[in-house]
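This report goes through one protein model, from its strands to individual side-chain pairs. The sequence and structure come first, and the text follows.

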Amino acid sequence: MYTVNLKRIFIVSLFIAIPFMLSAQLTYGTTGLLHAPSAEMQKDKTVMLGANFMNKEITPPTWYYHTYNYYLNVTILPWMEVAYTCTLFKAEALGLKPYGYSGFTNQDRYFSLRLRALKEGQFWKYMPAVVVGTSDPFTSSGNGVVAPTEGNGYFSRFYIAATRHVQLGRETVGVHLSYLYNKRIEYKLNGIAAGISYNPSFHPQLRLIAEYDSKDFALGATYLLFNHLHAQVELQRMKYFTGGLTFQFRLSGKDGMKKQKRNNEDNRGVAIYARKSRITNKGDSIGVQFKQCAEYAKRELQLNDDY
């Protein structure tokens, strides 16, 4: 029993050492799947900085060439996320070549906003998380237009998304469903989108994703490096490669330092309770036992849901 308890402590420590398991969408720089939205949220005060290579098959038709984007994303409150994304233009596409310009010389810029309406399991056990959001909703061109049909506002979309995580033995699978809407003539994203995400219990740094974004099917994966760096790849329509990197961290300061100190104390408490707890069901797998151990310690220490 002593050996098993040491394994429990190791797994609890592993959960603590991997604070970030969600990454940003390659196209929009917001929390989600690959291209389709989800209702998952980052932890409060999370900051993401990222850059991607974008295959021309994943972008609006204005980009008839491969391009790049970069973004800044901040979860300002536990229920609010804001992102600022820039996608590069080539001078030739803007008609600037006769003036001596070439290569990437300009960029499209837009904001995204996500608001969480419901947390997963908030009012009843099987309740999904629900998020409403938008990307590139407004352009100042033409005296200002919301949901533009053409011109600027290339990545315009509005959506509502729901996410529910389902326990299958010792594995957890995320099920995601959303409805997207825009008015774009050349880049319609109207209709149902859906996806599945999976973090293997034996290698939680890896996240596998399959999705339908209301237009195309895609497969992809995210891998967490050094607790803060996400490497993400996607195959749009199962064959067109897009990929990038996201650096993720949480803001600290005086309050953050106090919270970190409190978390360190909680971590020691979790380890103590993990050591003291006993296996109650001999038929459970080791993975289930570890999960029960962590939940027991969290409950006994009265830690909040974001711990």
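A strand here is a DSSP run of E with at least two residues, numbered from the N terminus. By that rule H165 lies in strand β8. The model is predicted, and every value below is computed from it.

**The barrel**

Twelve strands close into a barrel, following the order β1-β2-β3-β4-β5-β8-β9-β10-β11-β12-β13-β14, with antiparallel pairing. From one strand to the next, the twist averages 20°. Strands of a sheet pair through backbone hydrogen bonds, in either a parallel or an antiparallel sense. One pair in this barrel is β4, residues 104-118, with β5, residues 129-135; the two run antiparallel and share six bridges. S112 has S135 in β5 as its bridge partner.

**Strands β8 and β9**

Strand β8 covers residues 157-168 and contains I160. I160 has a relative accessibility of 43%, so this residue counts as partly exposed. H165, also placed in β8, is partly exposed because its relative accessibility is 28%; the cut-offs for that class are 20% and 50%. The C-alpha atoms of H165 and P128 are 8.0 Å apart, although 37 residues separate the two in sequence.

I160 also belongs to a nonpolar surface patch of about 550 Å², made together with V132, L177, Y179, Y181 and I192. Strand β9, residues 171-181, gives the most to this patch, with three residues.

E171 is likewise part of β9. With 15% relative accessibility, E171 counts as buried. Its side chain makes a polar contact of 2.9 Å with the side chain of Y198.

**Buried loop residues**

Q25 sits in the loop that runs between α1 (2-17) and β1 (46-54). Q25 has a relative accessible area of 0% and is therefore buried. The side chain of Q25 is in polar contact with that of R157 at 2.8 Å.

R184 is in the loop between β9 and β10 (191-198). R184 is buried too, with a relative accessible area of 0%. Its C-alpha atom is 6.6 Å from that of P148, and the two residues are 36 positions apart along the chain.

**Salt bridges**

Side chains of opposite charge can pair when their charged atoms come close. The structure holds nine salt bridges. The table lists three among them.

| Side-chain pair | N to O distance |
|---|---|
| D44 and K45 | 3.2 Å |
| E57 and R237 | 3.1 Å |
| R164 and E120 | 2.9 Å |

K45, in the D44 pair, is partly exposed at 34% relative accessibility.

The salt bridge of E57 with R237 links distant parts of the chain: E57 is in the loop between β1 and β2 (67-77), and R237 is in the loop between β13 (229-236) and β14 (240-250), 180 residues away. R237 is partly exposed, with a relative accessibility of 35%.

In the salt bridge of R164 with E120, R164 lies in strand β8 and E120 in the loop between β4 and β5, so the pair ties together parts that are 44 residues apart in sequence. E120 counts as partly exposed at 30% relative accessibility. Elsewhere, E57, K215, D216 and R237 are joined into one network by salt bridges that share partners.

Notes:
Residues numbered from 1 in each chain as written. Predicted model: local features only at pLDDT ≥ 70, side-chain atom pairs only at ≥ 80, totals over all residues. Heavy atoms only, no water. Patch = residues over 30% accessible without salt bridge, like charges linked within 9 Å, V, L, I, M, F, W, Y side chains within 5 Å. Areas by Shrake-Rupley, 256 points an atom, 1.4 Å probe, with all protein chains shown as cover. Salt bridge = Lys/Arg side-chain N within 4 Å of Asp/Glu carboxyl O. Helix = DSSP H or I, 4+ residues; strand = E, 2+ residues; numbered from the N terminus. Buried < 20%, exposed > 50% of the residue type's maximum accessible area, 1.4 Å probe, protein only. Pairing = 2+ DSSP bridges. Axes fitted to C-alpha atoms, helices over the stretch in contact; angles between N-to-C directions. Polar contact = N/O pair within 3.5 Å; in protein donor to acceptor, adjacent residues only side chain to side chain.
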